[in-house]
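Here are a few worked exercises to try with the structure open in your viewer. Have a go at each task before reading its solution.

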Amino acid sequence: MSSTAQLTTLEAFLQGYPNIEYIPPSSPEYPAARKPWNEARLDNPLAVVKPQSPADVAAIVKHAKLNSLPFTIRSGGHNLEGRCVAQDALLIDMRALTAVTIASDRKTAKVQGGILQDELAGKLWEQGLATPTGAVPTVGYVGWAMYGGYGPFSPHWGLGVDQIVGATVVDPNGDIVNADEALLEGIRGAGGLFGVIIDLTVKVYPLTSLLAGPIIFNPTHITKTYVDFNAAYEKLLDSEGLPSQLSVQQICFNGPMGRAFAALFLWSGADIEEGKRWSEKIASLAPLMVNMVGPTTIPEWFVANGAMIPPTIAGTGFSHNVRRIPPSVAEAIGRNLAIMPHDRGAMVSIHQLRGPSAGPQDHQSVFATREPHYMLELLGFSTSGDEEVSRQWAIQTTDEIQQADPDNLLPTAYISVYNSALQAKSTSEALEKTYGPKAQVLKDLKATFDPESVFSLTVPALE
Ligand SMILES: Cc1cc2nc3c(=O)[nH]c(=O)nc-3n(C[C@H](O)[C@H](O)[C@H](O)COP(=O)(O)OP(=O)(O)OC[C@H]3O[C@@H](n4cnc5c(N)ncnc54)[C@H](O)[C@@H]3O)c2cc1C
């Protein structure tokens with residue numbers, strides 16, 4: 001069917017569903033509604049629909065299947081390649097589905113599929129609870145959690161993917177079903193492949209205090225500072241180890257005062273004095289500019305983080321997983337920090353996986369990278385139109401890290417940041433790279449749950 005015919009058929013279907021918000025290409029709202037975080041994605045969807053209930057989502061999927069209408073799912077729109085949008089495909093925007101229902105035992109919460117990270121964390125915080133999230137408020141929670149979900153609460157409670165204990169899904173027939181254990185294995189690591197996630201049931205934890213903030217190091221000799229920090233940090237890991245309540249995310253960015261290297265500190269333990277002691281210890285690992293760690297709340301912490309991240313960018317991101325950050329890798333990163341483009345979009349961000357998710361799990365998942373490691377985000381983005389400059393810098397940084405210590409590189413990479421198009425030669429190579437030995441499990445689950453590939457424009461891509 002041509003796009004014009006698809007649009008006419010869609011509009012006839014929507015007559016029966018007046019609650020579904022409809023944004024056709026002719027609408028003044030369409031340019032904003034189609035735009036993902038990465039503006040380099042120029043695809044124009046057939047139209048945008050915003051379901052207001054699970055039943056709306058089910059009806060849309062039924063209509064799409066019946067009419068062979070390709071579609072994408074969007075929550076926060078923060079897939080790094082902008083893959084929630086595809087040319088001429090219907091865009092199903094889930095952001096009206098934001099309910100959170102806390103179980104009476106306060107150990108789990110049912111979280112709807114369109115909620116953003118700060119919305120979820122705010123609702124839990126009001127109840128004295130928290131669950132792992134990333135640090136950027138506008139990232140979709142379900143999109144973050146179901147592909148892995150690295151973040152500052154992971155050393156304490158584990159990755160997002162390991163919080164998932166249940167899910168409600170709109171399946172390829174447009175039916176609303178509870179995921180069984182087999183489907184949950186696939187949702188934990190590759191959720192978008194099998195259906196629309198209406199809600200996830202995730203573990204939640206008591207939390208009423210937080211100590212967090214950036215520790216910004218002196219940028220004058222940034223390469224040396226970066227190398228020295230990592231040498232001291234690795235030594236600390238080997239000598240004392242770090243408490244589970246502590247997380248340190250390394251970030252290199254262009255702030256108001258120029259290029260900066262910071263350790264984003266977060267302490268999710270009840271003993272705030274112990275947390276302060278640790279913030280001073282981390283601040284002492286390299287020449288300091290300012291230690292901004294202090295008591296805060298999760299909602300305030302999200303607001304502060306949001307101010308550091310551009311609302312949209314254009315460009316390309318890359319990723320490696322490395323076991324450790326030895327001097328050779330620190331030098332490769334540090335050298336490239338010194339020449340990082342002066343652009344708010346250019347960044348390096350490093351998550352460390354340690355704690356409960358770095359090892360075998362009780363629940364099955366297709367998330368493959370279970371040994372302790374650092375997940376490197378090498379972000380060649382731009383807010384000023386110089387995306388090619390940023391991209392070339394990120395490619396160079398990615399290559400130099402790889403060459404610095406090939407044996408230190410893990411065989412698997414993180415689906416949400418790995419650049420499937422540029423870091424792999426084919427879709428199947430990208431699948432092997434991001435799911436390792438779990439790639440075949442994932443293909444078998446897809447053949448069982450979506451044999452006709454109704455969900456075809458997904459993350460990950462199978463074709
Ligand atoms: C600024 C920024 C910061 C980030 N920080 C982190 C971080 O700290 N840790 C980390 O691990 N990752 C991080 N990421 C990566 C991010 O978690 C993933 O890209 C995530 O998938 C984005 O989810 P979204 O809903 O915002 O994106 P979208 O682009 O809306 O969704 C991405 C894909 O997920 C699928 N999807 C989303 N919602 C549903 C649903 N309800 N049902 C079915 N499929 C769905 C679709 O296939 C969609 O194409 C970050 C990305 C950005 C841009």
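**Exercise 1. Find where Ser-68 sits in the chain, then say what its phi is and whether the residue is buried or exposed.**

Step 1: Start with the place. In this predicted model, Ser-68 belongs to the loop between helix 3 (54–66) and strand 3 (71–74).

Step 2: Check the backbone. Phi of Ser-68 is positive, about 50 degrees, although the residue is not a glycine. Most residues other than glycine have a negative phi.

Step 3: Check the surroundings. The relative accessibility of Ser-68 is 62%. The cut-off for exposed is over 50%, so Ser-68 counts as exposed.

**Exercise 2. Do the same job for Arg-106: which loop holds it, and what is its phi?**

Step 1: Arg-106 is in the loop between strand 5 (100–102) and strand 6 (108–112).

Step 2: Its phi is near 60 degrees, again a positive value in a residue other than glycine.

Step 3: With a relative accessible area of 37%, Arg-106 is partly exposed.

**Exercise 3. Which peptide bond is cis between Val-459 and its partner, and where does the proline lie?**

Step 1: Look at omega. From Val-459 to Pro-460 it is near -5 degrees, which makes this bond cis. Most peptide bonds are trans.

Step 2: Place the proline. Pro-460 is in the segment after helix 15 (439–449).

**Exercise 4. Work out how domain 2 and domain 3 meet, from the area down to single residues.**

Step 1: Get the layout. The chain splits into domain 1 (3–93), domain 2 (100–206) and domain 3 (210–423). The C-alpha centres of domain 2 and domain 3 are 24 Å apart, and their contact takes 35 residues from domain 2 and 34 residues from domain 3.

Step 2: Put an area on it. About 2,900 Å² is buried between domain 2 and domain 3, with carbon and sulfur atoms giving 68% of that. On the domain 2 side, Trp-125, Tyr-150 and Pro-155 lose the most area to domain 3, together 28% of what that side buries.

Step 3: Look for polar links. Between domain 2 and domain 3 there are 13 residue pairs in polar contact. One salt bridge crosses the interface of these two domains. Asp-162 and Arg-370 form a salt bridge, with their closest N and O atoms 2.7 Å apart.

Step 4: Assign the residues to elements. On the side of domain 2 that touches domain 3, the elements giving two or more residues include helix 4 (117–126), helix 5 (141–147) and strand 8 (164–170). Helix 7 gives the most there, with six residues.

Step 5: Sort by class. That side of domain 2 has 19 nonpolar, 12 polar and four charged residues.

**Exercise 5. How many salt bridges are there in total, and which residues does Glu-234 share a network with?**

Step 1: The total count is 16 salt bridges.

Step 2: Take Glu-234 and Arg-324, whose side chains meet in a salt bridge at 2.4 Å, N to O. This pair joins distant parts of the chain, 90 residues apart: Glu-234 is in helix 8 (residues 222–239), while Arg-324 is in the loop between strand 17 (314–322) and helix 11 (327–338).

Step 3: Compare the environments. Glu-234 is buried at 9% relative accessible area, whereas Arg-324 is partly exposed at 31%.

Step 4: Widen the view. Glu-234, Asp-238 and Arg-324 are linked in a network of salt bridges.

Step 5: For a local case, try Arg-391 and Glu-388, which meet at 3.2 Å, N to O. Both lie in helix 12 (residues 387–404), three residues apart, about one turn of the helix. Arg-391 is partly exposed at 24% relative accessibility, and so is Glu-388 at 43%.

**Exercise 6. Is Thr-434 buried or exposed, and what does its side chain reach?**

Step 1: Thr-434 is part of helix 14 (residues 427–435).

Step 2: Its relative accessible area is 5%, so Thr-434 is buried.

Step 3: The Thr-434 side chain reaches the backbone oxygen of Ala-430 at 2.7 Å.

Step 4: Leaving aside neighbours within four places in sequence, Thr-434 is in contact with Ala-413, Tyr-414, Ile-415 and Tyr-418.

Methods. Residues numbered from 1 in each chain as written. Predicted model: local features only at pLDDT ≥ 70, side-chain atom pairs only at ≥ 80, totals over all residues. Heavy atoms only, no water. Domains from an automatic or database assignment. Contact = heavy atoms within 4.5 Å. Buried area = accessible area lost by both parts, 1.4 Å probe. Salt bridge = Lys/Arg side-chain N within 4 Å of Asp/Glu carboxyl O. Polar contact = N/O pair within 3.5 Å; in protein donor to acceptor, adjacent residues only side chain to side chain. Helix = DSSP H or I, 4+ residues; strand = E, 2+ residues; numbered from the N terminus. Nonpolar A, V, L, I, M, F, W, Y, C, P; charged D, E, K, R; others polar. Buried < 20%, exposed > 50% of the residue type's maximum accessible area, 1.4 Å probe, protein only.
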